[in-house]
Amino acid sequence: MRRPGTDENNVQMTDVLCDFCRTQWSEDKPMIEGHQGSCICGNCLRIAFIDVLINKHDTGPDGYKCTMCLEHRDDPAWLSPMYDDAVICRRCIKLGSGALHKDKQFDWQKPAGADEDG
Ligand SMILES: [Zn+2]
Ligand SMILES: [Zn+2]
């Protein structure tokens, strides 16, 4: 998300916040961008990955709209424990973690133990 009051024509790194923990983006933090400026940081993505893909939890509210892809989905999802308007669907968790995993700039590995097809 953008910090409230951000100049959309001149967005700075510090204007970009993780939707799920509101941590400010910085050079050393991996961050995945969704639609309309939504973002999830590597830290939240890791927690979401473990919760949904490994522990098979589903904390997505009924009829939720994913904060990242903006779609209403029936997939299991992860609800931010801090902000109940921030939800990420399983598909976005997989896509985001796949992208970060490949990104050599960051030492971000997919947590072990997920069954990739599940
Ligand atoms: Zn975060
Ligand atoms: Zn999604």
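**Zinc site and core: questions and answers**

Tutor: This is a predicted model. Start with Cys66: at 0% relative accessibility, Cys66 counts as buried.

Student: Why is Cys66 called buried?

Tutor: Buried means under 20% relative accessible area. Cys66 has 0%, so Cys66 is buried. Cys89 also has 0% and therefore counts as buried.

Student: What makes Cys66, Cys69, Cys89 and Cys92 donor residues of the zinc ion (ligand 2)?

Tutor: A donor S atom must lie within 2.8 Å of the metal. The SG atoms of Cys66, Cys69, Cys89 and Cys92 coordinate the zinc ion (ligand 2) at 2.2 to 2.3 Å. They therefore count as donors. Along the sequence their spacing is C-x2-C-x19-C-x2-C.

Student: What do Cys66 and Cys89 tie together?

Tutor: Cys66 sits in the loop between helix H1 (42–54) and strand E3 (77–79). Cys89 belongs to strand E4 (residues 87–89), so the pair links parts that are 23 residues apart in sequence.

Student: Why is the site of the zinc ion (ligand 2) called tetrahedral?

Tutor: With four donors, all angles must lie between 85 and 135 degrees. Here the angles are 103 to 118°, so the site is tetrahedral.

Student: Which residues touch the most other members of the largest nonpolar core?

Tutor: Phe20, Ile40, Ile88 and Ile93 do, in a core of 30 residues. H1 gives the most to this core, with six residues.

Student: What does Phe20 touch?

Tutor: Leaving out residues up to four places away in sequence, the contacts of Phe20 include Ile40, Trp78, Tyr83 and Ile88.

Terms used. Residues numbered from 1 in each chain as written. Chains lettered and ligands numbered in written order. Predicted model: local features only at pLDDT ≥ 70, side-chain atom pairs only at ≥ 80, totals over all residues. Heavy atoms only, no water. Donors = N, O, S within 2.8 Å, 3.2 Å for Na, K, Ca; no water. Tetrahedral: all angles 85-135°; square planar, octahedral: opposite > 155°, others 65-115°. Helix = DSSP H or I, 4+ residues; strand = E, 2+ residues; numbered from the N terminus. Buried < 20%, exposed > 50% of the residue type's maximum accessible area, 1.4 Å probe, protein only. Core = buried A, V, L, I, M, F, W, Y, C linked by side-chain atoms within 4.5 Å. Contact = heavy atoms within 4.5 Å.
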